[in-house]
Amino acid sequence: MTIQWFPGHMKETEQFLKKAVSNVDVVMEILDARLPASSANPLLDKICNTVLRIKVLNKSDLADPVITRLWIDYFKTIQRGSEVIAITGTDTADTWRAADMALTGVKQSRSRRIRIMVAGIPNTGKSTIMNTLAGKKVAKTGNVPAITRYQQRTAIKNRIDIYDTPGILWPVLENLNGAYRLAASGAISDTAIDYNDVALFTLKYLITRYPDALKERYLLSDSIDDNGGPLILETIGASRGCLRKGGVVDIQKASELLIREFRSGKLGGISLESPEDFLSESLLK
Ligand SMILES: Nc1nc2c(ncn2[C@@H]2O[C@H](COP(=O)(O)OP(=O)(O)OP(=O)(O)O)[C@@H](O)[C@H]2O)c(=O)[nH]1
Ligand SMILES: [Mg+2]
């Protein structure tokens with residue numbers, strides 16, 4: 001199965017970013033801390049290669065803190081020179097630490113305001129971060145992708161202007177594991193994904209890496225098989241009342257429930273990829 005989602009406003013945003021990027025002082029690239037490699041947009045690498053950029057692993061409250069630490073080390077050592085920070089975008093102190101890090105390399109001048117651009121894939125928390133820095137709600141946010149459709153500038157304290165931009169993906173999501181992780185995280189519209197496929201992909205990972213979290217949340221028996229995804233969905237569906245007429249488990253509903261609960265952190269801090277996964281998958285290409 002392939003997953004693709006590149007609506008028109010993303011192409012327009014790509015064109016906008018190409019023009020606008022040379023006029024900003026620094027770009028804060030907002031990644032999803034649960035999938036820092038899969039949520040890195042290769043288009044942004046190309047567009048931003050001449051401008052100062054820091055990586056912000058947002059939603060770190062939803063990620064596995066041990067894996068997030070590994071990612072920070074990975075970016076600092078393997079990708080030498082990358083400034084990187086993990087934050088929770090609703091936390092003011094965290095978010096200002098990220099902004100201060102972004103400003104470290106910026107030459108400041110009394111005659112001009114500083115321009116920070118916030119960019120990344122959909123639903124990683126860009127507008128939330130702008131709101132937190134502004135100290136009030138200036139942009140709409142929401143837990144579905146493509147909430148922001150147009151760029152928006154907001155003046156904040158310390159003579160800084162923040163430019164929030166719509167989340168963009170790239171036309172072909174060639175890495176299928178990466179596409180599934182994006183789908184599980186909520187970066188891809190529900191209309192472009194098959195929930196059952198995404199739930200089975202997510203379960204396979206959870207069974208291997210987070211079996212205890214899975215067992216605890218869904219009261220599963222002690223032994224869960226590596227290929228036990230379909231059975232687990234049956235169990236979740238039956239215990240949570242995801243039923244069709246005649247009491248048959250509705251696997252679609254059970255899949256939606258699992259993904260919804262993963263996205264909102266009900267299973268605890270979970271990361272969908274580690275640097276090791278990323279490196280071994282890159283070698284397979
Ligand atoms: N748990 C958690 N939720 C967050 C965090 N940051 C943002 N969110 C939530 O994530 C969802 C997406 O946030 P937005 O700020 O709208 O994301 P965006 O990147 O602007 O999305 P687009 O405009 O669609 O590209 C919202 O429901 C936010 O409340 C965070 O650090 N932790
Ligand atoms: Mg937004």
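Contact here means heavy atoms within 4.5 Å. Keep that in mind as you click around, and remember that this is a predicted model.

**Stop 1: Ile 121**

Select Ile 121, in the loop between strand E4 (114-120) and H5. Ile 121 is buried, with a relative accessible area of 0%. Now show its surroundings: leaving out residues up to four places away in sequence, Ile 121 touches Ile 30, Ser 39, Asn 41, Lys 126, Gly 167, Ile 168, Leu 169, Trp 170, Leu 182 and Ala 187. For a distance check, pick the C-alpha atoms of Ile 121 and Asp 164: they sit 12 Å apart in space, with the two positions 43 residues apart in sequence numbering.

**Stop 2: helix H5**

Move along to H5, residues 126-134. Is this helix mostly covered or mostly uncovered? Mostly covered: seven of its nine residues are buried. Colour those in: Lys 126, Ser 127, Ile 129, Met 130, Asn 131, Thr 132 and Leu 133. To see what covers them, turn on E1, strand E2 (53-58), helix H4 (92-104), E4, strand E5 (152-156) and strand E6 (160-164), which are included in that cover. Just after H5 comes Gly 135, with a positive phi near 75°.

**Stop 3: ligand 1**

Stay with H5 for a moment, since the helix gives the most to the shell around ligand 1, with three residues. In total, 21 residues surround ligand 1, and the closest are Gly 89, Asn 123, Lys 126, Thr 128 and Ala 146. Now go through some polar pairs:

- Asn 58: a polar side-chain atom lies 3.1 Å from a nitrogen atom of ligand 1.
- Thr 124: a backbone N or O atom lies 3.1 Å from an oxygen atom of ligand 1.
- Gly 125: a polar backbone atom is 2.9 Å from an oxygen atom of ligand 1.

How much of ligand 1 does the protein bury? Taken alone, ligand 1 exposes 660 Å², and the protein buries 88% of that.

**Stop 4: His 9**

Ala 146, one of the closest residues to ligand 1, leads to the next pick. Select His 9 in helix H1 (residues 8-20). Setting aside neighbours within four places in sequence, His 9 is in contact with Ala 146, Thr 148, Arg 149, Pro 166 and Gly 167. His 9 is buried, at a relative accessible area of 8%.

**Stop 5: Arg 34**

Next, pick Arg 34, in the loop between strand E1 (26-32) and helix H2 (42-47). Is this arginine buried or exposed? Buried, with a relative accessible area of 1%. Its side chain makes a polar contact with the side chain of Asp 32, at 2.7 Å. Beyond its neighbours within four places in sequence, the contacts of Arg 34 include Lys 59, Leu 62, Ala 63, Ser 185, Phe 262 and Arg 263. Ile 270, Ser 271, Leu 272 and Glu 273 are also in contact with Arg 34.

**Stop 6: the nonpolar cores**

Finish with the largest nonpolar core, of 67 residues, where Leu 182, Ile 188 and Leu 214 touch the most other members. The largest share, eight residues, comes from helix H7 (residues 195-209). Domain 1 (8-164) and domain 2 (195-284) both give residues to this core, so the core lies between them.

Zoom in on Leu 214: not counting residues up to four places away in sequence, it touches Leu 203, Leu 206, Ile 207, Leu 219, Leu 220, Ile 224, Ile 232 and Leu 267. Apart from the largest core lies another, of 23 residues, among them Ile 54, Leu 103, Ile 114 and Val 118.

How values were computed:
Residues are numbered from 1 along each chain as its sequence is written. Chains are lettered from A and ligands numbered from 1 in the order in which they are written. This is a predicted model: local features need pLDDT of at least 70, side-chain atom pairs count only at pLDDT 80 or more; totals for chains, interfaces and linings use all residues. Side-chain values use heavy atoms; hydrogens and water are left out. A nonpolar core is a set of buried Ala, Val, Leu, Ile, Met, Phe, Trp, Tyr and Cys residues joined through side-chain atoms within 4.5 Å. Buried means under 20% relative accessible area, exposed over 50%, partly exposed in between (1.4 Å probe, protein chains only). Helices (H or I, at least four residues) and strands (E, at least two) are DSSP runs, numbered from the N terminus. Domain bounds come from an automatic or database domain assignment. A residue is near a molecule or strand if one of its heavy atoms lies within 4 Å of it. A polar contact is a pair of N or O atoms within 3.5 Å; within protein, one must be able to donate a hydrogen and the other to accept it, and residues adjacent in sequence count only if both atoms are side-chain atoms. Accessible areas come from the Shrake-Rupley method with a 1.4 Å probe; for residues, only the protein chains shown count as cover.
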